[in-house]
Amino acid sequence: MTAGADEYEERLTLIGALRWMRDSFAAWFATGWLYIILWTVVAGAFSVLMYIDGKFSRGLAEGASIDPLSFQVMGWVYRLFAAAFLMAAARCAYKGIKGIWTFRLIGIFASVIVCLHAFGFGFEALADRRDQAMSARTVAELAQTNHTDQIATLERQKDSLRADRDGDVERLQASIQGIVSDGLNNDALADVYRQDQTRITDEARRKIGAIDDQILGLMKDANSAESSATVIEADARPWAPLFIGMAQLLTWSKEPTDWAIYLCAVGFIIFWVLLGESLVIFLPERIYAMHLKDADTRPRDVQPEEGKVIIKMTEKEAAEMQEALAHYAKLREGHIKGGETNKRKSRQDTKRLEANQYMEKRAARVLRQRRTGASVSDISKSLGVTPAVLGLEMRQWLTDLEYRYVFDGGPDPQGDAGENVVSGS
C-alpha cells in the first residue's frame, strides 16, 4: 500500500514538472535572463563610476596635509549610498516604515556629489586634450608663418633687382640708339654701352639666382617644419573623431575650430555622465520593485491550520472537488432561501389565522349584543368604533341576512332558535 502511494506521488510530481516545463519554463527563463542582464548593466556602470569617484576624490587631497585615502573612501561611500537610497525608500514604502523622505533627501545630496565627481573627471580629461590640440596647432602655425615671411622678403628683393636691371638696360639701350643714329663715327662708344648692358644683366641674374637658392632652401625648411608639426599633431591625436564629427555637423564646417570641438566634447561628457548615473541611481530601484512584485505573486507553501490537514490531489481531482463544492454551495444557498421563505410564509399564515379568529369573535359578539336588544350605536361604542366603521368591518364577516338583521332591522336569520341561544347564553 505504501509503495503504491509513493509511486502515485512520484507520478504526480513528474506530471507536474512536465506541465510546468510546458506552461511556465519560457516565462521563467526569459524573466531570469532579463534580471541577469539588468543587474549586469548596473554592476558594470557601478564599477566604472566607483573608480571615477575614488580617482577624482583622491585627487582633491593630493599635495595637502590630509591623507588622500580619506577623500577616496568618502567618494566610495557617497557612491554606495547614491546607488542604494532609492531602493531603501522603496523598501520603506513596501513595508510601511517611516523614513522614506529621509533616504530621499540625503540621497539627493549624495547624487549631486557623485555627479560632480564624474563631471570633474570627464572635464579634466577634455582639458588635457584641448591643451594638446592647441599647442600642436600653434607649433605648426608659427613654423609656417616664419618661413613664409622670409620667402616674401626675398621675393621683394628679386622684384627690386629686376626693376633696377630693367631700368639700367633701358637707359643704356636709349644711349646706344642715340649714338647709332647721330651719323657720327662713334660706334665704339655704343659697343661700350652694350658691354655695360651685358654686365648689368649678368650681375642681376647672378643676384636673382642667389636669392632663388635662398628661397628654395627656405621652402625646403618650411616643408620639413610643417611635416614635423603635422607628425606631432598626428601623434598627439588631441580630439576623438566623434567630437570632430559632431562639431562639423553643428558648425557645418569642414575644419571646425578647437573651441567648437571642445564644446561638443563637453556636451557629450554631460550626456554620458547623466546616463551612467541614471543606470546606477534609478535602475536598481526599478529592478528591486520588480522583484518585490514577483515575490507577491509567487505561490507560497500553505501551512495547515490546527486540526486540519492538506490533501494532495491531481489537477483533475481538484477541479472536480471545486465543482462539487460550488454545487453544494448553490444547494445550501437555495435551502437557506427556501427556509427563510417558508418561515416568512408560516408567520404570515399565523398572523392571518389570528386576525380571522379575532374578526369571527368580533362578529359573534355583534350578533349576540344585537339579539339582546342593543342598538347599533351601543354596540359601536362598546367596540370603540363608529357605526359606519363597524358596518364596513362586518360586511366581510356577516352573511347578508345577518348584516340586514344587525344594521337594517331585518328578521333574525335564526328565528326562535336564535332567541333560545341568546336566552341560554
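Helices here are DSSP runs of H or I with at least four residues, numbered from the N terminus. By that rule, Phe119 and Phe123 both sit in helix H4, four residues apart, so about one helical turn separates them. The model is predicted. The protein has 13 helices and zero strands.

**Overall make-up**
- From the N terminus on, the order of elements reads α-α-α-α-α-α-α-α-α-α-α-α-α.
- The protein has 425 residues, and 25% of them are buried.
- Take the contacts with a separation of 6 or more: residues 24 or more positions apart account for 65% of them.

**Packing of H2 against H3**
- Helix H2 covers residues 25-60, and helix H3 covers residues 68-95.
- Their axes come within 7 Å and cross at roughly 150°.
- Angles over 145 degrees count as roughly antiparallel, and H2 and H3 are therefore roughly antiparallel to each other.
- The crossing of H2 and H3 is right-handed.
- On the H2 side, the residues in contact include Trp39, Phe46, Leu49, Met50, Asp53 and Arg58.
- On the H3 side, they include Pro68, Leu69, Phe71, Trp76, Arg79 and Met87.
- Glycine appears on both sides, with Gly54 in H2 and Gly75 in H3.
- Sorted by class, this contact holds twelve nonpolar, four polar and three charged residues.

**Aromatic pairs**
- The count of aromatic pairs comes to six.
- One of the pairs is Tyr51 with Phe121: the ring centres are 6.3 Å apart and the planes stand at 80°, so the pair is edge-to-face.
- Tyr51 belongs to helix H2 and Phe121 to helix H4, so this pair ties together parts that are 70 residues apart in sequence.
- Tyr51 counts as exposed, because its relative accessibility is 52%.
- Phe121 counts as partly exposed, at 26% relative accessibility.
- Phe119 and Phe123 form another pair: the centres lie 6.0 Å apart and the planes meet at 10°, so the pair is stacked.
- The cut-off behind that label is a plane angle under 30 degrees.
- Within the stacked pair, Phe119 counts as buried, with 17% relative accessibility.
- Its partner Phe123 is partly exposed, at a relative accessible area of 28%.

**Ser111 in H4**
- Helix H4 covers residues 100-181, and Ser111 is placed in this helix.
- The relative accessibility of Ser111 is 13%, so Ser111 counts as buried.
- The cut-off for buried is under 20% relative accessible area.
- With neighbours within four places in sequence left aside, Ser111 is in contact with Ala82, Phe85 and Ile281.

**Ile200 in H5**
- Ile200 is found in helix H5, which covers residues 187-236.
- Ile200 has a relative accessible area of 14% and is therefore buried.
- Residues up to four places away in sequence are not counted here: Ile200 touches Arg165, Asp168 and Leu172.
- Asp168 lies 32 residues from Ile200 along the chain, and the two C-alpha atoms are separated by 7.5 Å.

Technical notes: Residues numbered from 1 in each chain as written. Predicted model: local features only at pLDDT ≥ 70, side-chain atom pairs only at ≥ 80, totals over all residues. Heavy atoms only, no water. Axes fitted to C-alpha atoms, helices over the stretch in contact; angles between N-to-C directions. Helix = DSSP H or I, 4+ residues; strand = E, 2+ residues; numbered from the N terminus. Parallel < 35°, antiparallel > 145°, perpendicular 65-115°, else oblique. Left-handed = near helix turned anticlockwise from the far one by under 90°. Contact = heavy atoms within 4.5 Å. Nonpolar A, V, L, I, M, F, W, Y, C, P; charged D, E, K, R; others polar. Buried < 20%, exposed > 50% of the residue type's maximum accessible area, 1.4 Å probe, protein only. Phe/Tyr/Trp six-rings, centres within 6.5 Å; stacked < 30°, edge-to-face > 60°.
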